Amino acid sequence: MPAPASEDPFGEPWQYTLSLPNDPRAVTICRRTLRLILTLHGLPHLTEVAELVATELVANAVQHTKGPAAIRLRWVAPVLRIGVWDTDPRPPAPPALAAMPNPALESGRGLTLVEECADKWGWYSLGAAAQLPHTNGKFVWCELAQTA
C-alpha cells in the first residue's frame, strides 16, 4: 500500500551532492541534474534561477581551479541552498571588485549574477571537518527562497 501523500510536499528536507571532474562538460551535466532534481521534488518554479546561479558557481570552479569540484543542493523549506566546493582556498572575487564587467564579454559577470539573483550568498574556507570529497579548498553558496 503506498504511503499517504503529505499535506506539505515541500516540508521534507533533502540534500544531494554531485562530484564533478575539472571538465567544462561538468557545467552542463550539473545544470541538467539540477533541473531533474527540482522537477522531481515539485520545485520547477525555482529551476530557471537555480540553473543560472549553479551554472555560474560551477563554471567558476571548473575554470579557475585545477582539481575536482562538487555541487550540493539542500532543501529545507522554504529555502534551496546551492553550494559549490572547489580545491582553491582563495576567496572568490567579490562582485563589487569585479569592476563593471563588459556586457559584450561572456565571462566576468558570474558572482554579480549570483548576488543579483540569490537572496543570500557567501563563501567559507574548508578545513579538516569538511564533509565533501576533499578537506581543502572553499565552499561558495547561495540561497533561493521559494516564493508563493
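**Exercise 1. Determine which residue forms a salt bridge with Arg25, and state whether each partner is buried or exposed.**

Step 1. A salt bridge requires a side-chain nitrogen of Lys or Arg within 4 Å of a carboxyl oxygen of Asp or Glu. Arg25 meets this criterion with Asp23, their closest N and O atoms being 2.6 Å apart. The model is predicted: local features need pLDDT of at least 70, side-chain atom pairs count only at pLDDT 80 or more, and totals for chains, interfaces and linings use all residues. Residues are numbered from 1 along each chain as its sequence is written, and side-chain values use heavy atoms, with hydrogens and water left out.

Step 2. Buried means under 20% relative accessible area, exposed over 50%, and partly exposed in between (1.4 Å probe, protein chains only). Arg25 has a relative accessible area of 59% and is therefore exposed. Asp23, at 18% relative accessibility, counts as buried.

Step 3. The structure holds five salt bridges, and the pair of Arg25 and Asp23 is one of these salt bridges.

**Exercise 2. Describe the salt bridge between Glu51 and Arg35 and the elements in which the two residues lie.**

Step 1. The side chains of Arg35 and Glu51 meet at 2.9 Å, N to O. Glu51 belongs to helix α2 (residues 47-64) and Arg35 to helix α1 (residues 25-40), so the pair ties together parts that are 16 residues apart in sequence. Helices (H or I, at least four residues) and strands (E, at least two) are DSSP runs, numbered from the N terminus.

Step 2. Glu51 is buried at 12% relative accessible area, whereas Arg35 is partly exposed at 41%.

Step 3. Contact means heavy atoms within 4.5 Å. Leaving aside neighbours within four places in sequence, Glu51 is in contact with Arg31, Leu34 and Arg35.

Step 4. Helix α2 itself has 18 residues and reaches 25 Å from its first C-alpha to its last, close to the 26 Å expected at 1.5 Å a residue; the expected span is 1.5 Å times one less than the number of residues. Its buried residues include Glu51, Val53, Leu57 and Val62. The buried residues of α2 pack against β1 (14-20), α1, β2 (69-76), β3, α3 (110-117) and β5.

**Exercise 3. Establish which strands the salt bridge of Lys138 and Asp86 links, and how those strands pair.**

Step 1. The closest N and O atoms of Lys138 and Asp86 are 3.0 Å apart. The pair links distant parts of the chain, with Lys138 in strand β5 (residues 138-145) and Asp86 in strand β3 (residues 79-86), 52 residues apart. Both Lys138 and Asp86 are buried.

Step 2. Two strands pair if DSSP finds at least two bridges between them. Strands β3 and β5 run antiparallel and are joined by eight bridges. Val79 has Ala145 of β5 as its bridge partner, and Leu80 stands opposite Leu144 in β5.

Step 3. On β3, seven of the eight residues are buried, so β3 is largely enclosed by the rest of the structure. Strand β5 likewise has seven of its eight residues buried, so β5 is largely enclosed by the rest of the structure.

Step 4. The pairing extends to further strands. Strands β2 and β3 pair in the antiparallel sense over eight bridges and form a hairpin with two residues between them. Strand β4 (residues 120-125) is joined to β5 by six bridges, also antiparallel; Gly122 stands opposite Trp141 in β5.

**Exercise 4. Explain why Cys117 forms no disulfide with Cys142.**

Step 1. A disulfide is a pair of cysteine sulfur atoms within 2.5 Å. The closest cysteine sulfur to that of Cys117 lies in Cys142, at 8.9 Å, which is too far for a bond.

Step 2. The structure as a whole holds zero disulfides. Cys117 is partly exposed at 27% relative accessibility, whereas Cys30 is buried at 3%.

**Exercise 5. Summarise the organisation of the protein chain.**

Step 1. The protein chain contains three helices and five strands, in the order β-α-α-β-β-α-β-β from the N terminus on.

Step 2. Of its 148 residues, 38% count as buried. Among contacts between residues at least 6 apart in sequence, 66% join residues at least 24 apart.

Step 3. The protein chain exposes about 8900 Å², of which carbon and sulfur atoms supply 57%. Such areas come from the Shrake-Rupley method with a 1.4 Å probe; for residues, only the protein chains shown count as cover.
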